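Student: I'd like a close look at one part of this model rather than a tour of everything. Start wherever you like, then follow the trail from there.

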Amino acid sequence: MQPLTVDPNRLRATVEKLAAYPTRHTLTPGLTEAANWVAEQYRAIPGITAEVMTYTIPKGRRVPEDQQVVEVVATLKGESDRIVLVGGHLDSVNMQAGAGIDARAPGANDDASGVALALECARVLAGSKPKNTIKFIAFSGEEQGLNGSRALSKRAKDEAWKLEAVLSCDMVGNSSNNNGQKDIGNVRVFSEEATAENPNPQSRELARFVEFATRGKVPKFGVKLVMRRDRFGRGGDHTPFHLDGFAAVRFVEVHEEYTRQHSANDLPEFMDWNYLANVTRINALALGLLGNAELPPKAVRIVNDQSHDTVLNWDGEPGQEYVVYWRDTASALWKGSKVVRAETIKLVKINKDDHFFAVGAVGGIPVPAR
């Protein structure tokens with residue numbers, strides 16, 4: 001795997017092709033045409049298979065009647081049946097006053113950028129023969145209420161997928177806005193914490209892992225963690241997976257330009273191809289690690305004693321390497337790590353009062369210590 005070989009020109013070509021459709025609105029033939037084209041792009045990559053998945057969107061506020069629609073599920077088969085997933089949504093929409101479902105909706109940044117990212121990740125990773133299976137998704141129905149991601153998450157549950165990580169990329173190709181703000185060095189990653197209603201801590205731990213594992217790996221570019229489900233009052237395709245118990249996060253640019261969203265003005269000419277390439281590199285790096293991770297440890301425990309040091313124990317596979325992480329309780333970011341080939345470790349002069357700890361397989365999502 002060489003994620004730095006990501007090609008901005010290929011990303012641009014994919015976005016421009018998709019933006020050339022008059023619309024990719026989920027309820028129009030343009031969505032099906034675009035899905036078939038994307039599926040063919042995946043099938044042209046050696047080692048990748050692609051399915052055009054059909055599901056039903058129920059009648060609702062933006063759907064006048066029940067309708068069958070499609071989305072793309074491409075697969076790079078691994079040695080195991082454990083799965084990691086990356087995707088963006090293929091559908092576009094024009095929500096300007098008076099615009100119908102056939103109104104011009106190029107959807108270049110929202111979200112041909114995420115679809116292009118996933119396709120480029122497949123091209124980069126295809127020859128790597130991963131340990132775990134990697135899936136690349138072009139969701140549909142996002143603009144009608146996350147319908148495609150709901151359908152795929154339900155399928156993952158119904159078919160008992162061992163789905164360990166979901167990276168949703170939505171609007172990841174724009175580095176500036178018309179308010180004079182610009183950030184070419186960061187991409188935001190949103191994640192939801194565990195709650196009493198949904199005690200799933202791994203979405204937040206996936207976000208921390210992506211930041212730590214890719215830190216310094218892409219020159220002058222990195223991850224900015226945002227500790228909330230999504231942008232204020234808004235949603236994305238990672239959320240149905242999180243609510244169904246899977247670890248899922250959302251990537252999105254730092255400075256959105258709202259006047260270009262959901263309009264005929266969401267055009268390729270406003271995008272930053274080097275920025276999109278760097279977000280793609282971050283995703284390819286994370287996928288490469290997650291795609292080759294061994295099984296995570298179980299029952300990670302902190303020994304409850306009074307000491308200047310901290311002892312951690314966990315249940316794992318004998319002889320397997322694990323990564324031990326620690327961070328200050330006031331920090332969201334992992335500060336340090338240590339690789340060990342054991343099921344216990346003593347962290348000298350790192351006290352349990354002032355730090356949080358976790359243990360993960362090499363390349364895997366850390367499991368918090370309790």
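Tutor: Two residues are in contact when heavy atoms of theirs lie within 4.5 Å. One caveat before we dig in: this is a predicted model, so local features need pLDDT of at least 70 and side-chain atom pairs count only at pLDDT 80 or more, while totals for chains, interfaces and linings use all residues. Residues are numbered from 1 along each chain as its sequence is written, and side-chain values use heavy atoms, with hydrogens and water left out.

Let's take helix α7 as our part and start just ahead of it. A264 sits in the loop between β8 (248-253) and α7; helices here are DSSP runs of H or I with at least four residues, strands are runs of E with at least two, and both are numbered from the N terminus. Skipping neighbours within four places in sequence, A264 is in contact with N94, R104 and P106. At 36% relative accessible area, A264 is partly exposed, a label for whatever falls between buried (under 20%) and exposed (over 50%), using a 1.4 Å probe and protein chains only. A264 and A213 are 51 residues apart in sequence, and their C-alpha atoms are 38 Å apart. Keep A213 in mind, since that residue comes back shortly.

Now the helix itself. Two packed helices are described by the angle between their axes and the distance between the axes. The axes are lines fitted to C-alpha atoms, for helices over the stretch in contact, with angles running from 0 to 180 degrees between N-to-C directions. Helix α7 (residues 273-290) packs with helix α1 (residues 8-19) at about 105°, the axes being 9 Å apart. That makes α1 and α7 roughly perpendicular, the class for 65 to 115 degrees; under 35 would be roughly parallel, over 145 roughly antiparallel, and the rest oblique. On the α1 side the contact uses P8, L11, R12 and V15, and on the α7 side W273, N274, L276, A277 and T280. Sort those residues by class and you get six nonpolar, two polar and one charged. Nonpolar covers Ala, Val, Leu, Ile, Met, Phe, Trp, Tyr, Cys and Pro, charged covers Asp, Glu, Lys and Arg, and the others, Gly among them, are polar.

Move along to the helix's other partner in this story, α5 (residues 202-214). The axes of α5 and α7 come within 10 Å and cross at roughly 105°, so this pair is roughly perpendicular as well. Here's A213 again: α5 brings L206, F209, V210, A213 and T214 to the contact, and α7 answers with I282, L285, A286, L289 and L290. The class split is nine nonpolar, one polar and no charged residues.

From the end of α7, hop across to strand β3 (residues 82-89), where L85 is found. The C-alpha atoms of L85 and L290 are separated by 9.6 Å, although the two residues are 205 residues apart along the chain. L85 also touches α7 through L287, one of its contacts beyond four places in sequence, along with K135, I137, F139, L152, L163, A165, V166, L167. With a relative accessible area of 0%, L85 is buried.

The partner α1 leads on to α2 (residues 29-43). In α2, G30, L31, A34, A35, V38, A39, Q41 and Y42 are buried. Those residues cover an arc of only 170° around the axis, so they sit on the same side of α2; the arc is taken over directions from the helix axis to the C-beta atoms. The buried residues of α2 pack against α1, β1 (48-57), β2 (67-76), α3 (108-125) and β4 (133-139).

That brings us to α3, which is largely enclosed by the rest of the structure, because 17 of its 18 residues are buried. From first C-alpha to last, α3 reaches 24 Å, close to the 26 Å expected at 1.5 Å a residue, where the expected span is 1.5 Å times one less than the number of residues. One for your geometry checks: a cis peptide bond joins D110 and D111, with omega about 5°, and D111 lies in α3. After that helix, K129 is in the loop between α3 and β4. Its phi is near 50°, positive in a residue other than glycine, and K129 is exposed at 69% relative accessible area.
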